[in-house]
Amino acid sequence: QVQFVESGGGLVQPGGSLRLSCAASGMIIGNSAMAWYRQAPGKQREWVALITQAGNTNYIASVKGRFTISRDGAKNTMYLQMNNLKPEDTAVYYCNRISQNNIWGQGTQVTVSS
């Protein structure tokens, strides 16, 4: 049974930082292309950062230079370091595989506000 548990979200002021964690079970993170997604109220879920099986990364333009995706094979956990946060980053953040991703975790809320 594939499961993802996201954590690390919270309320932060603009310019602040958060580090999100994604603990996976039932699959090996390093064996799949993985991504962090986010969904703001009234908007479609979108991917924001991805990491391939080989370790290559890519980001949407709005977060490039501010977010960093990484993984820890020993812990079977993926991370998203988020720096210089902006109000438009406010959303529920999820982790999942890029494909065969019908099962989703609860997500973790990130709120950027002064």
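Good morning. I will begin with one residue, L80. Leaving out residues up to four places away in sequence, L80 touches L18, R19, L20, W36, V48, A49, F67, T68, I69 and Y93. I should say at once that the structure under discussion is a predicted model.

Where does L80 stand in the nonpolar interior? The largest nonpolar core has 28 residues, and L80 belongs to the group that touches the most other members, together with W36, M78 and Y93. Several strands supply two or more residues each to this core: β3 (18-25), β4 (34-39), β5 (46-51), β7, β8, β9 (91-97) and β10 (108-112). The greatest contribution comes from β3, which gives four residues.

Let me turn to the sheet. Four strands form an open sheet in the order β1-β3-β8-β7, and their pairing is antiparallel. Its edges are β1, residues 3-7, and β7, residues 67-72, each of which pairs on one side only. From one strand to the next, the twist averages 15°.

Within that sheet, I would draw your attention to the pair β7 and β8. Strand β8 covers residues 77-82, and six bridges join it to β7 in an antiparallel arrangement. F67, which was among the contacts of L80, has M82 of β8 as its bridge partner. Further along the pair, D72 stands opposite T77 in β8.

The two strands form a hairpin with four residues between them, and in that hairpin N76 takes a positive phi near 50°.

That brings me to T77, which is found in strand β8. Is T77 buried or exposed? The relative accessibility of T77 is 8%, and T77 therefore counts as buried, the cut-off for that class being under 20%.

What does the side chain of T77 reach? It extends to the backbone oxygen of K75, at 2.9 Å. With neighbours within four places in sequence set aside, T77 is in contact with S21, C22, A23, I29, R71 and D72. One of these, D72, is the residue already named as standing opposite T77.

To summarise, I have followed β8 from two of its residues. L80 is one of the four residues that touch the most other members of the largest nonpolar core, while T77 is buried and its side chain reaches the backbone oxygen of K75. Thank you for your attention.

Terms used: Residues are numbered from 1 along each chain as its sequence is written. This is a predicted model: local features need pLDDT of at least 70, side-chain atom pairs count only at pLDDT 80 or more; totals for chains, interfaces and linings use all residues. Side-chain values use heavy atoms; hydrogens and water are left out. Two strands pair if DSSP finds at least two bridges between them. Axes are lines fitted to C-alpha atoms, for helices over the stretch in contact, and angles run from 0 to 180 degrees between N-to-C directions. A nonpolar core is a set of buried Ala, Val, Leu, Ile, Met, Phe, Trp, Tyr and Cys residues joined through side-chain atoms within 4.5 Å. Buried means under 20% relative accessible area, exposed over 50%, partly exposed in between (1.4 Å probe, protein chains only). Contact means heavy atoms within 4.5 Å. A polar contact is a pair of N or O atoms within 3.5 Å; within protein, one must be able to donate a hydrogen and the other to accept it, and residues adjacent in sequence count only if both atoms are side-chain atoms.
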